[in-house]
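Here is a short report for a newcomer. Look over the sequence and the structure first, then read on.

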Number of protein chains: 2
Amino acid sequence: MSLSSESRVNTESNEYRQIVRIAKLYYEEELTQEQIGEQLGLSRVKVNRILQRARKIGVVKITIDAPESDPYDLEHALTIKYKLRDAIVVPDAEEGEALWHALAKGAAEWLVDHLEDGMRVGLGMGRTLSHVPLYFNPPEKINCSFCEVIGGAAETSGGFSNYNVTSQMAELAGGRAEYVYAPSILSSAEACLSFKREPSIADALERARQCDIILQSVGPVNKSALLYVHGYFDEKDLEELRENGAVGDALGRFFDQSGNPFPTRLDDQILGITLADLKKVPWSVVVAGGSSKVPVIKAALQGNLFSVLVTDTKTAEQLLHEG
Amino acid sequence: MSLSSESRVNTESNEYRQIVRIAKLYYEEELTQEQIGEQLGLSRVKVNRILQRARKIGVVKITIDAPESDPYDLEHALTIKYKLRDAIVVPDAEEGEALWHALAKGAAEWLVDHLEDGMRVGLGMGRTLSHVPLYFNPPEKINCSFCEVIGGAAETSGGFSNYNVTSQMAELAGGRAEYVYAPSILSSAEACLSFKREPSIADALERARQCDIILQSVGPVNKSALLYVHGYFDEKDLEELRENGAVGDALGRFFDQSGNPFPTRLDDQILGITLADLKKVPWSVVVAGGSSKVPVIKAALQGNLFSVLVTDTKTAEQLLHEG
DNA sequence: TCACAAAATGAAAAAATGTTCAAGTAGGAA
DNA sequence: TTCCTACTTGAACATTTTTTCATTTTGTGA
């Protein structure tokens, strides 16, 4: 019949008329392709092909109505670009308001939506995470448990103890708290090993590996790193790490630009789950934002260390438009 | 979770956020419902339900882009309202231009698009049909045949003979013509019967019944009717037919308001296919327009005598908006 | 005319989607 | 509390859609 060029169709042509008619019968009248074929004397396969063509050349337009699309678009773009299960973009912090409050709120709300009976939630460390309980407000009691994924029940990190966070979360949810009664970093690999052999601690770590959800932050290779704070690394060590390609850390474990583990001499002294463990968790949530963390987050996401990201608008945009 | 009211969703809610995200993954990223469910931790069925909801509440809008939509809309509306296989709406005739030219052109073009090798096309009678050859212009030779569906190879009707029309069409298409060598109306039922028993005529009628396509017009119960023109009915007869509920005729066979056959004393004297035969033809095309024919066309379509309509804009609108 | 590559076709297979149903669950009234 | 009705859920089933593939058709250049 007519010589059908790839993507342009004469609006006056009979081919076009037919495309429009079939599209209407399918999308407006909701006939099946079979019924349309029968009515018009075409094979079902042909009707199918015409419909594909109709979508391709834009005779049929499918639009998604998303008012206030900005945050949604960012979230959606992030999930696509980094193959995430979910992404939450919170508004940039107001002047004078700390970013970690906004992030903590986003993480807390995300958690309320995803927490179900029987789940175990692992909590990492850091200033942002320590603010999560402030905003965590489940509408009803949930039969779940919260645990630590790194030692340190009795320690404090940046003024906030893991212990407190874990117990607060458990209380707010109406669930149980499970602790790791041990330091996060041991003085030697041997000491660490003997702790790990202790059944109660081994159990605690095993529970941590089997969390349904883990919330954790990531940080750059600088003085905020866990191992620096605890005095196991000095400035020179950090410098060396950076020079050799370490980009950031999560739970005291460093990783490079691609999110691959970057081993350090202290890896065997840390009492906590590894990056490999983290990758296996169904919902591993990284809660982080701020310009300095952009390359770190990017690396972590590229290495699939996390499946959910909670961040702020500005960071989201940097994650999307750079590189 | 949230109490989901039937058709209104809070744009800020997490439910809405989820609907938009899933809609985007499905319609923009073209993931399958299964993949989406996997990624988001939902069952496939649930994703399916959310997508149905997205369409229902209008988050997803499917639009069909039909520039110059007027004729298309009319055609589409006609196919739906009267359950037609196709409808062609030609522009209203210009001042001084006869409607039947426009209709004949529409019918001829429709035929070009649908005529295929091996098909048989039956041609009825009437002024409009007699103009079809003028506009019939197939781009290539088609191995098909044209036949008459009512006697009258040697007669003329309104100045145009069936014979001429059939042979012209066959010639233009490069196919064969098959005639019914007999009058369209006999002087008695007995005479008609003996004609019908004649093998060559019986064959011709059988061929007519097995057409793939039949083009025919319809007319109101007035002096233009075949049986009046041939002198078998007088004005009083017409008057009586009208009073008893006859609305129009096709091929000399009358029908009522619902398109049901309205028997007359002359039915057995007509040498041609019946309305019941007409209904069995895959593509029976009625070519008719004009205010006076609106009730006739409507009746014929309601009785499913035809599956394709060729008419003009004004008539189309009347067919759609009245009754 | 022939031969060849590209495009179109539809039957069958595979995949995706939609529906039903039985079981479970929340919310509300007594 | 108990009972009741309403809704929600996902597995199993049914239907529809899409893809694949072998074949035919069509256009093109020799």
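## DNA strand C

In this predicted model, 14 residues surround DNA strand C. The nearest are A:Lys46, A:Arg49, B:Tyr26, B:Arg44 and B:Asn48. Sugar and phosphate make up 50% of the strand C atoms within 4 Å of the protein, and bases make up the rest.

Some contacts reach the phosphates. A polar side-chain atom of A:Lys46 sits 2.9 Å from a phosphate oxygen of DNA strand C. B:Gln33 uses its backbone instead: an N or O atom there lies 2.9 Å from a phosphate oxygen of this strand. B:Arg44 addresses a base, with a side-chain N or O atom 2.5 Å from a base oxygen of DNA strand C.

Which elements build this surface? α3 of chain A and α3 of chain B each supply at least two residues. The largest share, six residues, comes from α3(B). By class, the surface near DNA strand C holds three nonpolar, six polar and five charged residues.

## DNA strand D

Around DNA strand D there are 13 residues. A:Tyr26, A:Gln33, A:Asn48, B:Lys46 and B:Arg49 come nearest. Of the strand D atoms within 4 Å of the protein, 53% belong to sugar and phosphate.

Three arginines of chain A can be followed here. A:Arg44 has a polar side-chain atom 3.3 Å from a base oxygen of DNA strand D. For A:Arg49, a polar side-chain atom lies 3.4 Å from a base oxygen of this strand. A:Arg55 meets the backbone of the DNA: a side-chain N or O atom is 3.5 Å from a phosphate oxygen of DNA strand D. The elements giving two or more residues to this surface are α3 (44–56) of chain A and α3 (44–56) of chain B. α3(A) gives the most, with five residues. The surface near DNA strand D counts two nonpolar, six polar and five charged residues.

## Two copies and their axis

How are the protein chains related? A rotation of 180°, with 0.0 Å of shift along its axis, places chain A on chain B with an RMSD of 0.2 Å. The two copies are therefore related as by a two-fold rotation axis. In chain A, the C-alpha nearest that axis belongs to A:Ile62, at 2.2 Å.

## Where the chains meet

Chain A and chain B each bring 42 residues to the contact. Of the interface residues of chain A, 100% are also interface residues in chain B, so the copies meet through the same surface. About 3,900 Å² is buried between the two chains, 50% of it on carbon and sulfur atoms.

How many salt bridges link chain A and chain B? The count is ten. One of them joins B:Arg17 to A:Asp86, with the closest N and O atoms 3.7 Å apart. There are also 16 residue pairs in polar contact between the chains, both residues being at pLDDT 80 or more.

On the side of chain A that touches chain B, at least two residues come from each of α1 (14–28), α2 (33–40), β1 (60–64), α4 (69–81) and β2 (86–90). α1(A) gives the most, with ten residues. By class, this side of chain A has 18 nonpolar, nine polar and 15 charged residues.

Definitions and conventions. Residues are numbered from 1 along each chain as its sequence is written. Chains are lettered from A and ligands numbered from 1 in the order in which they are written. This is a predicted model: local features need pLDDT of at least 70, side-chain atom pairs count only at pLDDT 80 or more; totals for chains, interfaces and linings use all residues. Side-chain values use heavy atoms; hydrogens and water are left out. A residue is near a molecule or strand if one of its heavy atoms lies within 4 Å of it. A polar contact is a pair of N or O atoms within 3.5 Å; within protein, one must be able to donate a hydrogen and the other to accept it, and residues adjacent in sequence count only if both atoms are side-chain atoms. Helices (H or I, at least four residues) and strands (E, at least two) are DSSP runs, numbered from the N terminus. Ala, Val, Leu, Ile, Met, Phe, Trp, Tyr, Cys and Pro count as nonpolar, Asp, Glu, Lys and Arg as charged, and the others, Gly among them, as polar. Copies are superposed by least squares on the C-alpha atoms of residues with pLDDT of at least 70 in both. Contact means heavy atoms within 4.5 Å. Buried area is the accessible area (1.4 Å probe) that two parts lose on being put together, summed over both. A salt bridge is a side-chain nitrogen of Lys or Arg within 4 Å of a carboxyl oxygen of Asp or Glu.
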